[in-house]
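User: I've got a new model to go through with you. Can you pull it up?
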Amino acid sequence: METGSGGGGNIGGAQPISLAFSWLSGGKVLHLQTVMAEHNDLGKWGEEVAACYLENHGYIIKDRDWRLGKRDLDIVAITEAQDLLVIVEVKTRSEGLTIDPILAVDETKMRNLAIAANAYVKQMGIDADVRFDIITVVGMDSRHCDVIHTEDAFNPLLLSR
């Protein structure tokens with residue numbers, strides 16, 4: 001059984017996650033895997049930009065990519081005064097805002113962030129108020145990107161049930 005790329009090679013210069021099963025549908029699986037790899041790389045880059053942005057604005061990064069099962073917290077930071085824990089959801093777009101940053105995080109994601117944040121606070125023994133922010137990074141490189149920081153973007157206690 002062949003596992004070649006179907007003649008397409010790497011798409012857009014990105015390295016595919018895996019060549020396995022790329023023989024199916026004339027390389028479409030390879031394309032899907034490559035797009036996912038690019039998406040994941042873009043997301044990681046956006047999280048790095050967001051972390052630098054926060055540090056440059058006086059925040060102290062406590063954790064990045066903290067996980068509770070399938071739930072995750074992109075960035076956990078505290079304010080310079082160390083009196084407020086800030087949970088930051090990062091949304092990265094390669095070009096132009098296609099959706100308002102606040103709308104990019106739906107109620108299910110907000111609930112999952114709240115559950116993970118609650119576990120984080122308990123596990124780390126934190127006694128501070130918690131705020132949920134969204135940072136949207138738009139661009140492809142650090143020299144030409146926009147960072148939109150929405151403080152207090154949502155309160156999970158006010159979600160409808």
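Analyst: Burial terms up front: buried means under 20% relative accessible area, exposed means over 50%, and partly exposed is in between (1.4 Å probe, protein chains only). This is a predicted model: local features need pLDDT of at least 70, side-chain atom pairs count only at pLDDT 80 or more, and totals for chains, interfaces and linings use all residues. Residues are numbered from 1 along each chain as its sequence is written, and side-chain values use heavy atoms, with hydrogens and water left out.

User: Start with Asp-65. Buried, exposed or partly exposed?
Analyst: Partly exposed, as its relative accessible area is 24%. Asp-65 also has a positive phi, about 55 degrees, and is not a glycine.

User: Which element holds Asp-65?
Analyst: Strand β1. Strands here are DSSP runs of E with at least two residues; helices are runs of H or I with at least four; both are numbered from the N terminus.

User: What about Asp-152, what's its phi?
Analyst: Positive, about 50 degrees, and Asp-152 is not a glycine either. Asp-152 sits in strand β5, residues 145–154. With 53% relative accessible area, Asp-152 counts as exposed.

User: Switching to rings. How many aromatic pairs?
Analyst: Two. The rule takes rings of Phe, Tyr and Trp (its six-membered ring) with centres within 6.5 Å; planes under 30 degrees apart are stacked, over 60 edge-to-face, the rest tilted. One of the pairs is Trp-66 with Tyr-120, edge-to-face, with centres 5.1 Å apart and planes at 90 degrees.

User: What does that pair tie together?
Analyst: Parts that are 54 residues apart in sequence, because Trp-66 lies in strand β1 (residues 60–68) and Tyr-120 in helix α2 (residues 107–124).

User: Are those two rings' residues buried or exposed?
Analyst: Trp-66 is buried at 10% relative accessibility. Tyr-120 is buried too, at 3%.

User: Zoom out. What's the pattern along the sequence?
Analyst: α-β-β-β-α-β-β. That is two helices and five strands.

User: And how much of the chain counts as buried?
Analyst: 38% of the 161 residues.

User: What share of contacts is long-range, 24 or more positions apart?
Analyst: 51%, taken among contacts with a separation of 6 or more. A contact means heavy atoms within 4.5 Å.

User: Last one: what area does the chain expose?
Analyst: About 9,700 Å², with carbon and sulfur atoms supplying 52% of it. Accessible areas come from the Shrake-Rupley method with a 1.4 Å probe; for residues, only the protein chains shown count as cover.
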